[in-house]
Each structure stands twice: as C-alpha cells, then as structure tokens.
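Work through the following exercises with the sequence and the model side by side, and try each task before reading its solution.

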Amino acid sequence: TDACLSAVFVPIIVGGELRGSIALESFEREDAFDEASVHLLSTIGASMGVALQNARLFHEAQARERQAAALAEVGRDLSSSLDLATVMDRIAGHAKDLLQANNSAIFLPDAGTGTYRAIVALGETADAIRATTIEGGVGIIGSLLESGRPELINDAQADPRAVQIPGTERQADERLMVVPLQGDGAVEGAMTVWRNGGEPFVPRDLEFLVGLSRQATVALHNARLFNETSEALERQTASAEVLQVISGSM
C-alpha cells in the first residue's frame, strides 16, 4: 500500500488495440528507470502482443475446425435418422457446447395456437425454457421470429425488447443469439443460445449458428416429408384393403 518512488508503464498492443500493460515500480529510489529500461520493456511488451495475437489466431483456427466438424457430424445425423427429436437434440447440443453457452433451445410452432414452444432445450434453465411460450413480436425471440432476421445481443437486459422467461433469474451480462429457421420463404421456428458473462458473442459465432439452423430446417423438412409419405402409404393400403373386401364379399 506504500506509494512507489518511480514507475514505468508500457502498453501491450494486439491487432492495433490496447489489451493490457506491463508495469514496473520501485519503492527504493527515484529515477530507477532510464530510457534503456523503457526501451527494453517496450520490446518485451511488443513481443507479448505478438504472442497474444498468435494465441488468439490459433484459438480461432481451432474453433473453426471444431465448428466445421460439428456441421459435418450433423449432416451425418440427418442422413442416418428421421427422428426429429433426436436430430434436434444433437443440433442444440452442438450449439451449446461449441458456443460455450449456458443454455440452448430450438423453438417450433405450437400447433393451432400461433405461438412457439421449445422442441428441445438444454442447459441450466432447460425446464423453464421448455415450459415457456413464445409469441410472435413479443420479447427478443418473438421479435426476431416475426422479422426473420438473425441477431446477436451481448447485453440482453439492456435491450428494450427483452422479457424475462418465467422461472429464470435476471443475469448480469446475459448474452443471446437468435437465428430464425427459414424454409420455403417463411419462418418455421428459431434456434437460440444464451451465455451468462464471459466473452461477448462475435459475428463468427452467429455465422456458425446460422449454419446449424440450416441443418435444423433440413431435419424439419425431412421429418415432415417422411410423415406425409407414411400417411399417404397408410391411406393407399387402407383403400386396397377396402377394395379387397368389396370384391370378395356380396
């Protein structure tokens, strides 16, 4: 807690932005640091900036590789399963894990109500998310369902569209991304991820979620087509059975 007699500070610059500083203090004498000390410390600061930039680029490359692998895995899931709940659960799991989110969910229309409910929800408040009903134009998710526009919000509590999901608590620095599921020119649902604190979402995160949303839309269409085909086959089989009865009995 004593005041130092002399000090020197140099910035750590990463990608043209101030990301930290190095500080040296002397409690023993004044004028403890000369120009050579400042020059040496500046060189160290520049080296640390390069190291931090390299680490960030390496981390981003790893993240892109994991995301590409996840999209490929979801593609394999689509080709191996027609069970909509199973595929959606895997897609929501990839979104939660790779985006380091606390919660993820996929909302689909609730038949005959004009509202949306979560077909799958994963994370700390999954039960509350599954129990909630989303209305078009109400709240952040409802507004983006209505507009059909993907968006990232890094301060959800400050957003005037925000409404609290019943059964959840207000969180400081709550971050949110919403991507509507687009199919045949219409919105057919939405993917959502929440993150409490931590690093803000960036455009690259939103791009990945958009990629997952396309896979979710394909899964939705595959399930719908399978159901329609199954129903048509059942009707055709029933008609054939009726014709057999008619032709075999007076």
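**Exercise 1. The salt-bridge network**

Starting from Arg149, decide how exposed each partner is and trace the salt bridges from one residue to the next.

*Solution.* Keep in mind that this is a predicted model. Arg149 has a relative accessible area of 41%, and because buried means under 20% and exposed over 50%, Arg149 is classed as partly exposed. Its salt-bridge partner is Glu151, with the closest N and O atoms 3.0 Å apart. Glu151 has a relative accessibility of 19%, which is under the 20% limit, and therefore counts as buried.

The next step leads from Glu151 to Arg161, whose side chains meet in a salt bridge of 2.8 Å, N to O. This pair links distant parts of the chain, since Glu151 lies in strand β6 (residues 151–153), whereas Arg161 lies in the loop between β6 and β7 (174–183), 10 residues apart. Arg161, at 23% relative accessibility, counts as partly exposed. Arg161 also forms a salt bridge with Asp159, where the closest N and O atoms are 2.8 Å apart, and Asp159, at 13% relative accessibility, counts as buried. Through these shared partners, Arg149, Glu151, Asp159 and Arg161 are joined into one network. The structure as a whole holds four salt bridges.

**Exercise 2. The span of a helix**

Check whether the distance between the end C-alpha atoms of helix α2 agrees with its number of residues.

*Solution.* Helix α2 covers residues 84–98, which makes 15 residues. The expected span is 1.5 Å times one less than the number of residues, so α2 should span 21 Å. The end C-alpha atoms of α2 are 21 Å apart, which agrees with the expected span.

Next, look at which residues of α2 are buried: they are Leu84, Val87, Met88, Ile91, Ala92, Gly93, His94 and Ala95. In general, an α-helix has 3.6 residues a turn, so residues three or four places apart point the same way. After the helix comes Gln100, whose phi is positive, near 50°.

**Exercise 3. The nonpolar cores**

Find which elements supply the largest nonpolar core, and then describe the surroundings of Val193.

*Solution.* The largest nonpolar core has 26 residues, and those with the most contacts inside it are Ile106, Met191, Val193 and Leu209. At least two residues of this core come from each of α2, β3 (103–110), β7, β8 (186–196) and α5 (203–248). The largest share, eight residues, is supplied by α5.

For Val193, leave aside the neighbours within four places in sequence; the residues in contact with Val193 then include Ala95, Leu99, Arg175, Met177, Phe201 and Leu209. Apart from this core lies another, of 19 residues, among them Ala105, Tyr116, Ala121 and Trp194. As a general background, nonpolar side chains tend to be buried together in soluble globular proteins.

**Exercise 4. The chain as a whole**

How many helices and strands does the protein chain have, and in what pattern do they follow along the sequence?

*Solution.* The protein chain has five helices and eight strands, and along the sequence they follow the pattern β-β-α-α-β-β-α-β-α-β-β-β-α. Of the 250 residues in the chain, 37% are buried. Among contacts with a separation of 6 or more, residues 24 or more positions apart account for 55%. The chain exposes about 14600 Å², of which carbon and sulfur atoms supply 53%.

Key
Residues numbered from 1 in each chain as written. Predicted model: local features only at pLDDT ≥ 70, side-chain atom pairs only at ≥ 80, totals over all residues. Heavy atoms only, no water. Helix = DSSP H or I, 4+ residues; strand = E, 2+ residues; numbered from the N terminus. Buried < 20%, exposed > 50% of the residue type's maximum accessible area, 1.4 Å probe, protein only. Contact = heavy atoms within 4.5 Å. Areas by Shrake-Rupley, 256 points an atom, 1.4 Å probe, with all protein chains shown as cover. Core = buried A, V, L, I, M, F, W, Y, C linked by side-chain atoms within 4.5 Å.
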